[in-house]
Amino acid sequence: MGDSIRLKTPLSGGDVSGLRSGDRVTISGILYTARDAAHKRLIDLLDQGKALPIPLEGQVIYYVGPSPAPPGRVIGAAGPTTSYRMDAYAPRLMELGLKGMIGKGKRSQEVKDAMTKYKAVYMAAIGGAGALMAQAIKEVEIVAYEDLGPEAIRRIRVDNLPVIVVNDTLGNDLYVEGQKLYQIP
Amino acid sequence: MYCQTISEAGMRQISTKVITAAVKEAAVRANYELGSDVTDAFRAALEKEQSPVGKEIINKLIENAEIARRERIPICQDTGLAIIFAEIGQDVNIVGGSFRDAVEQGIREGYKEGYLRKSVCDPFTRKNTGDNTPVIIHLELVPGERLTLWVVPKGGGSENMSRLFMLPPSAGWKGIKEKVLQTVLEAGPNPCPPTIIGVGIGGNFEESAILAKKSLLRHLGAPNPDPELASKEQELIEEINKTGVGPQGLGGRITSLAVHMLVMPCHIASLPLAVNIQCHASRHEEIAI
């Protein structure tokens with residue numbers, strides 16, 4: 001990915017507004033992992049007016065439930081999970097400053113609208129390429145909900161994780177546009 | 001191969017310990033080593049894919065399979081719900097415990113010692129069972145004294161996008177095609193394309209789903225032995241690859257690598273159709289005991 005944009009987390013409003021659907025990006029820095037079970041707990045905490053175990057401002061959440069780390073490795077396979085399961089929770093987190101989401105698969109209109117409103121982006125990692133994605137992960141620490149096992153929230157440090165922008169802050173959607181480009185009527 | 005003994009009654013005895021060991025090994029191998037039929041299909045897809053992003057993705061899937069095999073880590077973090085297809089010879093006598101316990105012990109040990117993700121939970125509390133059991137077993141009694149098992153780790157993403165339709169017989173082949181295409185289009189990027197589309201037609205409600213899943217065991221690239229079905233599969237894959245969904249749903253020519261069909265007669269009132277989507281990490285290991 002020679003022509004990719006290099007981003008470092010946390011992301012600024014400027015980082016995010018400059019991204020366009022279809023851009024190839026490599027991300028370095030800290031990401032937080034969470035799937036739907038962890039998202040549900042975060043939202044429950046917000047409903048109760050309690051503090052969250054992770055920061056949100058400028059942060060990026062990677063939707064992943066990694067396989068266990070074998071001896072000598074920080075993580076097992078770690079590709080993205082399907083993102084629509086987080087759709088019910090994502091707008092609330094963007095409202096609180098979340099700037100990026102990494103996963104795979106379509107997002108709901110509500111989530112896309114929230115990305116436009118709160119200036120956030122959704123990026124796709126290659127689904128099913130868990131061994132490859134794991135190569136970019138350098139450090140892993142469980143920060144919340146250890147009882148959820150693979151679904152616990154992890155703070156991970158990544159070095160040049162390759163992703164592609166699907167939904168940008170202008171409402172563009174690579175899933176729709178990409179398909180149109182190659183559709184044969 | 002595994003050792004065998006013939007009992008005085010003429011029944012071939014197979015120890016549950018042999019079954020456990022074989023299942024354990026197959027579960028780990030299936031998750032680390034993508035079959036050469038799949039990587040060959042990736043290479044063939046590269047020739048046809050026109051989207052630069054699509055090509056890049058397929059190249060990365062080949063690289064991913066190589067890393068997994070070399071470094072002994074799973075191809076995909078979703079190491080699946082373990083599905084077991086078993087053909088048990090009528091002249092086989094399983095000794096030393098129950099067949100299900102033997103299989104589940106193999107899965108338990110394989111998923112623990114192979115550092116595979118445990119992805120099974122209670123449907124209501126969502127509490128993880130912790131050892132990737134129970135497993136799903138499809139058992140068939142067949143003539144002979146062999147035991148053949150297929151260990152199939154199946155991911156949740158592609159399973160979630162699978163569909164079952166009880167069509168009116170008037171829908172016919174045209175209706176079947178429409179529903180398969182609808183399923184692929186609605187799934188879009190979610191089941192990790194390029195996918196393999198398992199199509200089960202006929203039987204009844206549950207049998208169509210089992211046929212669809214079982215069709216996925218066929219060697220990728222091997223034509224359907226029935227020429228009529230082979231031509232229908234070809235018709236469907238051409239239609240599917242016109243949708244433009246492409247690798248990972250980001251646009252391209254290769255939405256699916258193949259369509260596999262299994263068909264059986266059904267009730268005069270029905271036309272059951274099951275579409276089981278398989279992600280590109282198509283993992284299955286056959287064990288002959």
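Reader: Which residues does Leu7(A) touch, leaving aside those up to four places away in sequence?

Author: Asp15(A), Val25(A) and Ile27(A). This is a predicted model, by the way, and Leu7(A) sits in strand E1 (residues 5-8) of chain A.

Reader: What makes those residues count as touching Leu7(A)?

Author: The cut-off is C-beta atoms within 7 Å, with those atoms placed from the backbone. Asp15(A), Val25(A) and Ile27(A) are in contact with Leu7(A), so each pair meets that limit.

Reader: Why is Leu7(A) called buried?

Author: Count the neighbours: 24 other C-beta atoms lie within 10 Å of Leu7(A). Buried takes 20 or more, so Leu7(A) with its 24 earns the word.

Reader: How far is Leu7(A) from Arg41(A), going by C-alpha atoms?

Author: They are separated by 29 Å, and along the chain they are 34 residues apart.

Reader: Staying in chain A, what makes strand E7 (residues 153-167) largely enclosed by the rest of the structure?

Author: It's a head count again. E7(A) has 15 residues and eleven of them are buried, so the strand is largely enclosed.

Reader: Which strands of chain A are joined to E7(A) by antiparallel bridges?

Author: Among them is strand E2 (residues 24-33) of chain A, which pairs with E7(A) over nine bridges. Strand E5 (residues 121-124) of chain A has three bridges to E7(A), and strand E6 (residues 137-144) of chain A has six. Pairing takes at least two bridges, so the three bridges of E5(A) are enough to call it paired with E7(A).

Reader: Which residues of E7(A) stand opposite Val25(A), Met123(A) and Ile137(A)?

Author: Val25(A) faces Val163(A), Met123(A) stands opposite Val165(A), and Ile137(A) is across from Val158(A). Val25(A) is also one of the residues that Leu7(A) touches.

Reader: Now the two chains. How many residues of each are in contact with the other?

Author: 39 residues of chain A meet 42 residues of chain B. On the chain A side, helix H5 (130-134) and helix H6 (174-182) each supply at least two residues, and H6(A) has the largest share, seven residues. By type, that side splits into 21 nonpolar, 15 polar and three charged residues.

Reader: What scores does the model get?

Author: ipTM is 0.95 and pTM is 0.94. For chain B, the mean pLDDT is 96, and 97% of its residues reach 70 or more.

Reader: Into which domains is chain B divided?

Author: Domain 1 is 5-31 + 75-154, and domain 2 is 156-283. Their centres, taken over C-alpha atoms, are 26 Å apart.

Reader: Which elements build the side of domain 1 of chain B that touches domain 2?

Author: H1 and E6 of chain B each supply at least two residues, and E6(B) gives the most, with four. In total, twelve residues of domain 1 of chain B are in contact with eight residues of domain 2 of chain B. The domain 1 side holds seven nonpolar, three polar and two charged residues.

Reader: What is the strand order in the open, mixed sheet of chain B that contains E6?

Author: E5-E3-E6-E11. Strand E5 (136-142) and strand E11 (285-288) of chain B are the edges, each pairing on one side only. Neighbouring strands are turned by 15 degrees on average, direction ignored.

Reader: What links E6(B) to E11(B)?

Author: Four bridges, with the strands running antiparallel. Trp150(B) stands opposite Glu286(B) in E11(B). Helix H1 (residues 16-32) of chain B packs on this sheet, touching E3, E6 and E11 of chain B, at about 40 degrees to E6(B).

Reader: And in the sheet ordered E7-E10-E8-E9 of chain B, why is one side of E7 (163-167) and E9 (256-266) left without a neighbour?

Author: Each of those strands has a single partner strand, so they stand at the edges. For E7(B), strand E10 (residues 271-278) of chain B pairs with it over five antiparallel bridges, and Met166(B) stands opposite Pro272(B).

Reader: Which helices of chain B pack on that sheet?

Author: Among them, helix H6 (residues 172-187) touches E7, E8, E9 and E10 of chain B, at about 30 degrees to E10(B). Helix H8 (residues 227-240) of chain B touches E8 and E9, and its direction makes about 135 degrees with that of E9(B).

Conventions:
Residues numbered from 1 in each chain as written. Chains lettered and ligands numbered in written order. Predicted model: local features only at pLDDT ≥ 70, side-chain atom pairs only at ≥ 80, totals over all residues. Contact = placed C-beta atoms within 7 Å. Nonpolar A, V, L, I, M, F, W, Y, C, P; charged D, E, K, R; others polar. Axes fitted to C-alpha atoms, helices over the stretch in contact; angles between N-to-C directions. pLDDT = per-residue confidence, 0-100. Domains from an automatic or database assignment. Buried ≥ 20, exposed ≤ 12 C-beta atoms within 10 Å, placed from the backbone.
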